[in-house]
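Q: Please walk me through the aromatic side chains in this one, up close. Then take me out to the strands and helices that go with them.

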There are 4 protein chains.
Amino acid sequence: MSINTFGRAFRVTTWGESHGPALGATVDGCPPGVQLDETMLQRWLDLRKPGQNKFTTQRREADAVEILSGVFEGQTTGTPIQLMIRNTDQRSKDYGDIAEKFRPGHADISYWQKYGIRDYRGGGRSSARETAARVAAGGVARAALDMLMPDLRIAGYMLRMGAHEIARERFDAEAIAQNPFWCPDAVMADKWAEYLDGLRKSGSSVGAVIEVVAQGLPAGLGAPVYGKLDTDLAAAMMSINAVKGVEIGEGMASATLTGEENADEIFMGNDGKPAYSSNHAGGILGGISTGQDVVVRFAVKPTSSILQPRRTITRSGQPTEIVTKGRHDPCVGIRAVPVGEAMMACVLLDHLLLHRSQVGDGPRGVIG
Amino acid sequence: MSINTFGRAFRVTTWGESHGPALGATVDGCPPGVQLDETMLQRWLDLRKPGQNKFTTQRREADAVEILSGVFEGQTTGTPIQLMIRNTDQRSKDYGDIAEKFRPGHADISYWQKYGIRDYRGGGRSSARETAARVAAGGVARAALDMLMPDLRIAGYMLRMGAHEIARERFDAEAIAQNPFWCPDAVMADKWAEYLDGLRKSGSSVGAVIEVVAQGLPAGLGAPVYGKLDTDLAAAMMSINAVKGVEIGEGMASATLTGEENADEIFMGNDGKPAYSSNHAGGILGGISTGQDVVVRFAVKPTSSILQPRRTITRSGQPTEIVTKGRHDPCVGIRAVPVGEAMMACVLLDHLLLHRSQVGDGPRGVIG
Amino acid sequence: MSINTFGRAFRVTTWGESHGPALGATVDGCPPGVQLDETMLQRWLDLRKPGQNKFTTQRREADAVEILSGVFEGQTTGTPIQLMIRNTDQRSKDYGDIAEKFRPGHADISYWQKYGIRDYRGGGRSSARETAARVAAGGVARAALDMLMPDLRIAGYMLRMGAHEIARERFDAEAIAQNPFWCPDAVMADKWAEYLDGLRKSGSSVGAVIEVVAQGLPAGLGAPVYGKLDTDLAAAMMSINAVKGVEIGEGMASATLTGEENADEIFMGNDGKPAYSSNHAGGILGGISTGQDVVVRFAVKPTSSILQPRRTITRSGQPTEIVTKGRHDPCVGIRAVPVGEAMMACVLLDHLLLHRSQVGDGPRGVIG
Amino acid sequence: MSINTFGRAFRVTTWGESHGPALGATVDGCPPGVQLDETMLQRWLDLRKPGQNKFTTQRREADAVEILSGVFEGQTTGTPIQLMIRNTDQRSKDYGDIAEKFRPGHADISYWQKYGIRDYRGGGRSSARETAARVAAGGVARAALDMLMPDLRIAGYMLRMGAHEIARERFDAEAIAQNPFWCPDAVMADKWAEYLDGLRKSGSSVGAVIEVVAQGLPAGLGAPVYGKLDTDLAAAMMSINAVKGVEIGEGMASATLTGEENADEIFMGNDGKPAYSSNHAGGILGGISTGQDVVVRFAVKPTSSILQPRRTITRSGQPTEIVTKGRHDPCVGIRAVPVGEAMMACVLLDHLLLHRSQVGDGPRGVIG
C-alpha cells in the first residue's frame, strides 16, 4: 500500500518521477468558484524553479504547469484539478553511476530494498523534483484561501545555513525577496553567499533551517486528538525531501522551559479578541489554532549528491567509492522554502474545510 | 470533521474524556492469530500509570484495561479489538475554576473557541489521560509485532529535563528501569530527582526530551512520498499531548552538517547485509527504513497547570489570574516515555502491514 | 487490512461479537452541540430488539445502550461518542454444532477460510447482532440531523416477504407501526402473519424486500463521481447482513424503460423550487440529491440457520448434515427495517457534512 | 469534500471532464514489478471506445492512453501511475442548449444546485466519458492480477436490453465477442440489433442489465463488516454513470426464496476444495469470497439525452421543452460492460492487497 496523497478534505496526490515524461498533482476537494488560472500557479512555481542562480542546481526546467481539468471559464468547478508539468531537461546520462552504486545518505538503497526495482534516473520518485507538484498544488490552496480567508498571509524564510544563523533582531520581512536565500537578515545573506559559494566550488553541500509563518488564521481550526493542526503540519513538513526535524512554536527548546516561562499569558486585545503576551505555543494549543501566528520550523539535511568521494557498495554488494557528478543543489534547503509555504497553505485550507464540515460556518465559542 | 484515528492498515481510534465514565481505544486491522490477553496490555499501562511516585500526578487510577471484543480463546480473531479503561478517581471538584478561566498554555481556550462547548473537567478530551488508550493500543501492536517481527525491540528514555541533559557517554540501557525518569544516565537521574523535587514543591513544572529507538526493523518499510515512515512517526509523536518538536536521526542539527559529514557510508556487514559507518539518517532514507536503528526524539513542553499565578481572562473576557490547584505532573514528559514507545509500535506495525499489502512477503531488492 | 468503519466525515466504527461481553459503535465526527442522551438512542434500539414477538428470534436482550464519551451535560462535545451495549443472553451452548460444521449460506466457511480462527459462538462478528451498533449510531445521526435538517423524515417499511408483495395502492404510512412487520399494507400484514407463522413452525425462513425513504433532503448533497450519494447508500445497505441487492428509485427495472419513460420532467413547484412529474431517479441524479424523496430498496435473503437439514462438510472436510437449532429469525428482513433507516440517517448526515466542507453553508446554484 | 477516488489499497482517482483538454486516472498502490505498457491498456480502452458501430455515440475519440509515470523499462515501480487520455473530438457547439436548460433524468440540475457552477459542455464531470479513465485503471488492475492471481478470469456481458432478456439456456460465452452488444445469446443479439436500430432512428434510448463474473478467485477475500467484498462491488458498480441497481448472486430475487432454497449445500470437490450445489450467494458469504464464481449484476438506465422533446425548466426557472441533439448512445449499457469488468478488476485487486496486509501470504484456515 503506497500513499502518495496528503490532506483529508483538500487532498493532493502527487505523481511522476524526476526523469519521466511529466510529473504533477491531482487535487481533489477544492471548493467550487475559486478564481484560478495557470498564471496564478506559475508564479509560485517560478519561485521554486531550479537554475535561477549559481546557488541552485543547474538543471534548467521551465516548470510550466498545465491545468488539465477542474477549471472552467477561470473558476474551479469543484471537480478534480489535474496539474501537469512536463520534464524537459532530463539529461539522464549524468546518472549512469547511480544505477549500480548507492549514494550514502540517499534513498537509493532503501528504495531498492523495498521494491526490487527503481527508476534510478535522478532518484526517480524520491527526487526533490516531486516538490514542484506540491508547489503547484499549494498554488491552488492559496487561491482557495484567498477566497475563504482573505486576511491570511503565509511567509517562509531561511533561518540557518550550516553553522550560520540569522540574528532575530535584524529580522526584516522585506529583505526576504532581496536575496537568493529567502533570508530575512540582509547581513547574514551576504555571509551565506560567500559561504555557499565556497561549498559549491568544493563540491560539498550543507543543511538549513526554514521557518514558515501563517498570520491571520482564525481560532478554532484543528482538533484535540490526531487530526491536530500541529500533527498535520508536522507530517506535511516531514514529508518534504531531506527534512529531518519539525518544530512548532518553541519547538525542541520547549523542553528547557518551566511552566511559568512557557505560559503565554492571555489578555483581551483592542480588537475584542484574546491576545497573548508571547507565542511559545506557535499559535496552536491542544491541536487547535488560537488566532496567534502559526509558526513552524523544519531542518533540511545537506544534499547527499556531492563531489566528495564517499565509501559505499554496489548492488551486488561490492565495496566501492562514489562521487555524484550530476547537477545538484549545494543547499537544497533554499528551494525548500516555497515548498514549505505550499505545504502550509494546503494544511490550512484542509483544516478550514474540516472545521466547517463538523462545526459549520456559524458562531462557535464566543469570548467576551 | 473530527479525526480521532491514527494508522492506515493498523488503525487506532481513541475515545473518552478525562472525567467521563471510561476511555479506550478501538483497534481495527490487527492480524488474526496474535496471542493477546489483558495481562499483556496491563503491563504497559502500569508503566504509564499516574500516582506511582511523588514525581507524577497524585491522581490514583487503576487503569485496568478490559478487552471487550476481537479476542477469542486468547487469540485475536482479525475483528475490531475494543479496549476500555474505566475512570475511577475523577474528583472533578478540583477543576471548578477552569470552567470559567482559561489556563495559559492549555487547550482550554482554543477548544472553547472551536466547539463552543467543552467538558472542562480535567481538560476533557485534551487531557493527557487520553494517552492511556494509546498505551493500551500500543500493547496490541507489540503483541502483533512479537509474532511478525520477533527480533524487533523498542526502547524509550528521557534525554533532557529542563536545563539538564544526559551525557551520551554514560548511556546505560540497564539504568532506564532503575529510576523513576526512564533516565539512561544514573548520575543524571539523581540530579533530576533533586531538581524536580524543587520544582514540584514550588508548584512549577518543566519540559523534557524523549528518545525512542527501534532495533531490528528490516529494510524496506515506508514509502518515498507522504506515506513515509518518518512522516508517520513525526505525526504520531507530534499528536501526543504537549509535544512541540520531533526529530529523526540527526534532527534539527542536520542543518549544521555538510554533505560529507551527514553521509552514512555503506559497507557490507558480517551478516551479509549492508552496514553503515554512522546513523545520521536515524534509520530512514527517502521515507523507507534502511535496517539501521530507527531513532526518533520529541520535546514535551512543561505542564501548563501550575501553582504559580498567571494572568488570563474569563469566558466573558474579564482579565483575571489563575492558579491551577488540581493534581498535575511537574514533568509530564516522564509519563510520555511509554506513550512514545506505544506510538512507535503502532506506526511500525502499520508500516509492516502496508508493506506486505503492496509488496507481499516475498523477496524484494537483494543486495549482494 | 480490516475495515469496520463506514462514513467519511461522520464515521462509525462498530465492534463486538454476538457472544462476547459487549458490542458497540465508536462515532467520530459528530457536530458539537447536538442534544443527546441514552433515552433518545434506546428508542431506536427497542425497535430492532429481538424477542418482542413470535416472529423474531427468542433471544432476549435488553440492548441497553450506554454513552461512555463525547456527551457532556446532554450535548455532544464534538469528540468521539462511544456507545456500548452489553450482551446479556448469550446462551452459547446452543451453538456447539457450528464449531465443527459450516452452515450452508452462512459466513461460517468463508470466515474460517480467511482468518483460520473464528469466534463460532453465534456467528461472532458476522452475526446480525452487529446491527444493534448501527442502530445506536443511527440514533446519533438522527439527533444531529434533527438539529441541522429539521424537516428531514426517514421511514422504512417492508414491501415483500417471500412470494408476497404489498399492493402500492393500499400503501398507508400509518399502518407501518401497527403490525410486527413494518408493513404499510394492512391487508398484506395479515397475510404475512399467517405465512410466517407457518414457516416458523416448520423451521424454515424466508427473504424480504425493504424500502427506506428520506423526505425533505435539500438538493445538492453528493458528488458526481465515487463520493456519490447513491454509491454510499448502496454500500451502506449492501453492508447489512444478508443483503444481496440494492436499488435506487426505479432500480433494476430501469433497464426496461425507454428514455422518454425514465425522464422525470421538471416544473417549477408552487414553493418556488423545481418539482418533478415522477421520481424514477429516486431523488438522485448524477450522484447528487435533487430535493425529491430519496428512495432506496434492498433485498434480504432468508436466514441460513434453519431447522431443515442441509448437506454440508465439517472443518476436516467430512460430509455431514446440519440442522441449526439455536434461536433465529424466520424472516430476518423484519429487523432489518430499523437498520436500513439507521444506515440512511448515517449516510445523509455524512453527506451533509461533506457538502458543507466543500461548498459551505452559503448560497449555491440558484434556480429561478 | 469531494471524493474522486475509489479503492483502499489499490486506489484510483479519476479526473477530467468530457470537453476539457484531457481526462485520466491516477493509480496509487499498484505492486511493483508488474509488466505494463500502453498497448496492454489500449486493448481495454478500444473495447469501450465510442463510434465503433451505429449502436454507440458517433463521437470519434481515439482514446489513446499515455502512461506518464510509475512505469520504468516495462515494469511498474510501485509509485503512482498517471494515465492520460487526450480529448480530441469535443465539438462542444452541440451542447449549447444545455447551458441554459436542464435535461430531465440528467445530472444537469443537481450538479448546478450543488456547485453553482458547472462545465455544461457534454455533462462535464458527470459525462460517461469519465468511464474511459476507469477502463484504463482497470487495465492496470488486470495486469497486476495476471501476476498475482494468474487463474482469475473476469467476463462481462449484457443480459437484458429494455424488454428483451437473454435465455440462460442459450448462454454461449463465445458469442459475447461476436456481436456489438456483448450478448451471450446469439439469437437475442439479432433481436437486439433490430430493436435498438428502431430506437436509435426514433431518437429514443433504452436501459440494460449487465452481469460481470469473476472465476478463479480464491476463498478468503473480503471482511465480515463494511470492508465486505460485496459492499465494495456494490459501491463500484453503483458509482458507474446511470446505474440504478446492483445485485450479488441471487440479488433482489433472494427475497422470494426460503432458507432451504437459498442454501448452497457444501461438498468436498475433486480438487480437495469445498464445492457447492448451487451459487445463490454469488460467491460471497458474510462479505468474504468462498471460492465460487463471484457474480454481480447491475442495471443501467436509458440515456437521458434523447431526441424526444421533454418538458423542463431553464436556469432562471422558466418552463420550456428540451430536445438533446448531440451524439449519444441509444443504449449506454452496451459500453458499460467493459466498465463493469474494469471495476470488478479494481475491486478484486484491492481486496487481494487488503487481505495480504492483514493476513499475509501464508496459510489460513484449512479445510480437510
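**Aromatic pairs and the sheet**

A: B:Tyr111 and B:Tyr115 are both buried. Keep in mind that this is a predicted model. The two tyrosines sit in helix H2 of chain B (residues 108-115), four residues apart, or about one turn of the helix. Their rings form a tilted aromatic pair, with centres 4.9 Å apart and planes at 55 degrees.

That pair is one of 20 aromatic pairs over all chains. Another is A:Tyr157 with A:Phe171, which is edge-to-face, at 4.9 Å centre to centre and 80 degrees between the planes. A:Tyr157 belongs to strand E8 of chain A (residues 153-161), while A:Phe171 is in the loop between E9 and helix H4 (186-201) of that chain, so the pair ties together parts that are 14 residues apart in sequence. The partners are not equally covered: A:Tyr157 has 6% relative accessibility and so counts as buried, whereas A:Phe171, at 32%, is partly exposed.

Now follow E8(A) outwards. It is part of an open sheet of 10 strands with antiparallel pairing, in the order E9(A)-E8(A)-E10(A)-E16(A)-E11(A)-E11(B)-E16(B)-E10(B)-E8(B)-E9(B). At the edges are E9 (164-165) of chain A and E9 (164-165) of chain B, each pairing on one side only.

Over in chain B, E8 (residues 153-161) pairs with E10 (residues 208-215) through eight bridges, in the antiparallel sense. For a landmark there, look at B:Arg160, which stands opposite B:Val209 in E10(B). Helix H4 of chain B (residues 186-201) lies across E8 and E9 of chain B, at about 55 degrees to E8(B). Helix H5 of chain B (residues 229-238) packs on the sheet too, touching E11 (243-248) of chain A as well as E11 (243-248) and E16 (294-300) of chain B. The direction of H5 makes about 155 degrees with that of E11(B).

Last stop, chains C and D. Chain D superposes on chain C by a rotation of 180 degrees with 0.0 Å of shift along the axis, at an RMSD of 0.0 Å. These two copies are thus related as by a two-fold rotation axis. They also use the same surface: 100% of the contact residues of chain D recur in chain C.

While you're in chain D, check out helix H7 (residues 333-358): 26 residues, reaching 37 Å from first C-alpha to last, close to the 38 Å expected. All 26 of its 26 residues are buried, so H7(D) is largely enclosed by the rest of the structure. After the helix comes D:Gly360, with a positive phi near 85 degrees.

Terms used:
Residues are numbered from 1 along each chain as its sequence is written. Chains are lettered from A and ligands numbered from 1 in the order in which they are written. This is a predicted model: local features need pLDDT of at least 70, side-chain atom pairs count only at pLDDT 80 or more; totals for chains, interfaces and linings use all residues. Side-chain values use heavy atoms; hydrogens and water are left out. The expected span of a helix is 1.5 Å times one less than its number of residues. Buried means under 20% relative accessible area, exposed over 50%, partly exposed in between (1.4 Å probe, protein chains only). Two strands pair if DSSP finds at least two bridges between them. Contact means heavy atoms within 4.5 Å. Axes are lines fitted to C-alpha atoms, for helices over the stretch in contact, and angles run from 0 to 180 degrees between N-to-C directions. Copies are superposed by least squares on the C-alpha atoms of residues with pLDDT of at least 70 in both. Rings of Phe, Tyr and Trp (its six-membered ring) pair if their centres lie within 6.5 Å; planes under 30 degrees apart count as stacked, over 60 as edge-to-face and the rest as tilted.
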